[in-house]
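Subject: Structure handover and findings

Hello,

Here is the structure for your files. My notes follow below it.

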Amino acid sequence: MEIDYSVYLVTDSTPAILGRSNLEDVVRAAVEGGVTIVQYRDKLSDTGHLIQTAQSLRTICKPHVVPLIINDRVDVALAIDADGVHLGQTDMDAATARQLLGPKMIIGVTVSSLTEAVTAIEAGADYLGIGTVYTTSTKEDTKAILGTAGVREILDGITGVERVVPTVAIGGINAQNVQHVMFKSQARRKRLDGVAVVSAVMAATNPKAAAQELRKLATEPPGFTIESRPHPVTRVNDLLRRVDAVVKDLGDKHPLCHNMTNLVVQNFAANVALSM
């Protein structure tokens, strides 16, 4: 089965994020809204509760063909026949997990450096979670804040590895910055396959709507990108004919404009900026 990593939901059952909402209800709404993969993450509950909740989430995800990944707990993944596990740097290594899980289960690994990324791929990881991108309250034991530049450096580095795997970025990602993360992290030969989100959906008043918005933003090109044209318009008359359409396009997309001017043309430049 080909996995769509575009909107990867990581659950959080803590009161600070989930509040008084029901975990299963939030995940159900998120799946209906368009999240493409779900990771059940719970570091506090006992094994019995983890298995029971994971089985419930499996029932929710399966009809939508949304893979369910279990964070850390290989035993729980095996117990409920989950689609895979996600491992941190202090969890079981990917090679050992592969021996226990067999060839078909998905294994994801969190990485925050190129060395960790290469090691995980060579150990058999099926995808990488790259982070932390931005500071986040849902994960306090972060080793480094990478930013988009750090993500891009890892993406650029793993293109030299024999086996290229899907990647998602995680850490402080939401509807306001998801397109920036996807666009600014692009390396020369590799881009992110998706983003992992936690509070952007788990803490949302309307998880379904939040998931729908994230899915749209993560899979569509941002409005601030410039489309490349093989034959750019260079003639003055051709440029003049395009002015009305360009101004309308600017008004519709509302890009951030940085206007540099001088005293000679400041009024003219100000009027142009205001007209947009």
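Which residues form a nonpolar patch on the surface? V236, L240, V243 and V247 do, and together they have about 340 Å² of accessible area. Patches are made of residues with over 30% relative accessible area and no salt bridge; nonpolar side chains (Val, Leu, Ile, Met, Phe, Trp, Tyr) are joined within 5 Å, like charges within 9 Å. Areas come from the Shrake-Rupley method with a 1.4 Å probe, and for residues only the protein chains shown count as cover. V243 sits in helix α11 (residues 236-253). V243 is partly exposed, at 38% relative accessible area. Partly exposed lies between buried (under 20%) and exposed (over 50%), with a 1.4 Å probe and protein chains only.

Ground rules: this is a predicted model, in which local features need pLDDT of at least 70 and side-chain atom pairs count only at pLDDT 80 or more, while totals for chains, interfaces and linings use all residues. Residues are numbered from 1 along each chain as its sequence is written, and side-chain values use heavy atoms, with hydrogens and water left out.

**Salt bridges**

The structure holds 11 salt bridges (a side-chain nitrogen of Lys or Arg within 4 Å of a carboxyl oxygen of Asp or Glu). One of them joins D4 and R215, at 3.7 Å, N to O. D4 lies in the segment before β1 (7-10) and R215 in helix α10 (residues 207-219), so the bridge ties together parts that are 211 residues apart in sequence. Helices (H or I, at least four residues) and strands (E, at least two) are DSSP runs, numbered from the N terminus. D4 is partly exposed at 36%, and R215 is partly exposed at 30%.

D72 and K43 form another salt bridge, at 3.7 Å, N to O. This pair links distant parts of the chain, 29 residues apart: D72 is in the loop between β3 (68-71) and α4 (74-80), and K43 is in the loop between β2 (37-40) and α3 (47-61). K43 is partly exposed at 47% relative accessibility.

D75 and R73 also pair up, at 2.8 Å, N to O. D75 is partly exposed at 39%. R73 is partly exposed at 23%.

**Cavity**

How many cavities of 30 Å³ or more does a search of the whole structure find? One. Its volume is about 50 Å³. The search uses a 1 Å grid over the protein atoms alone; a cavity is a set of points where a 1.4 Å probe fits but cannot get out, and lining residues have an atom within 4 Å of a point. Points are joined across faces, edges and corners, and the volume is the space filled by probe spheres set on them.

The lining consists of Y40, R41, D42, L50, I70, N71, R73 and V76. R73 thus appears here as well as in the salt bridge with D75. By class, the lining has four nonpolar, one polar and three charged residues. Ala, Val, Leu, Ile, Met, Phe, Trp, Tyr, Cys and Pro count as nonpolar, Asp, Glu, Lys and Arg as charged, and the others, Gly among them, as polar.

**Backbone**

The peptide bond from G131 to T132 is cis, with omega near 15°. T132 lies in the loop between β6 (127-130) and α7 (147-158). D72 has a positive phi of about 75°, although it is not a glycine. D72 is partly exposed, at 24%. D81, also not a glycine, has a positive phi of about 60°. D81 lies in the loop between α4 and β4 (84-87).

Best regards

Note on methods:
On a 1 Å grid over the protein atoms alone, a cavity is a set of points where a 1.4 Å probe fits but cannot get out, and a pocket is an open set with protein on both sides within 12 Å along at least five of seven lines; lining residues have an atom within 4 Å of a point.
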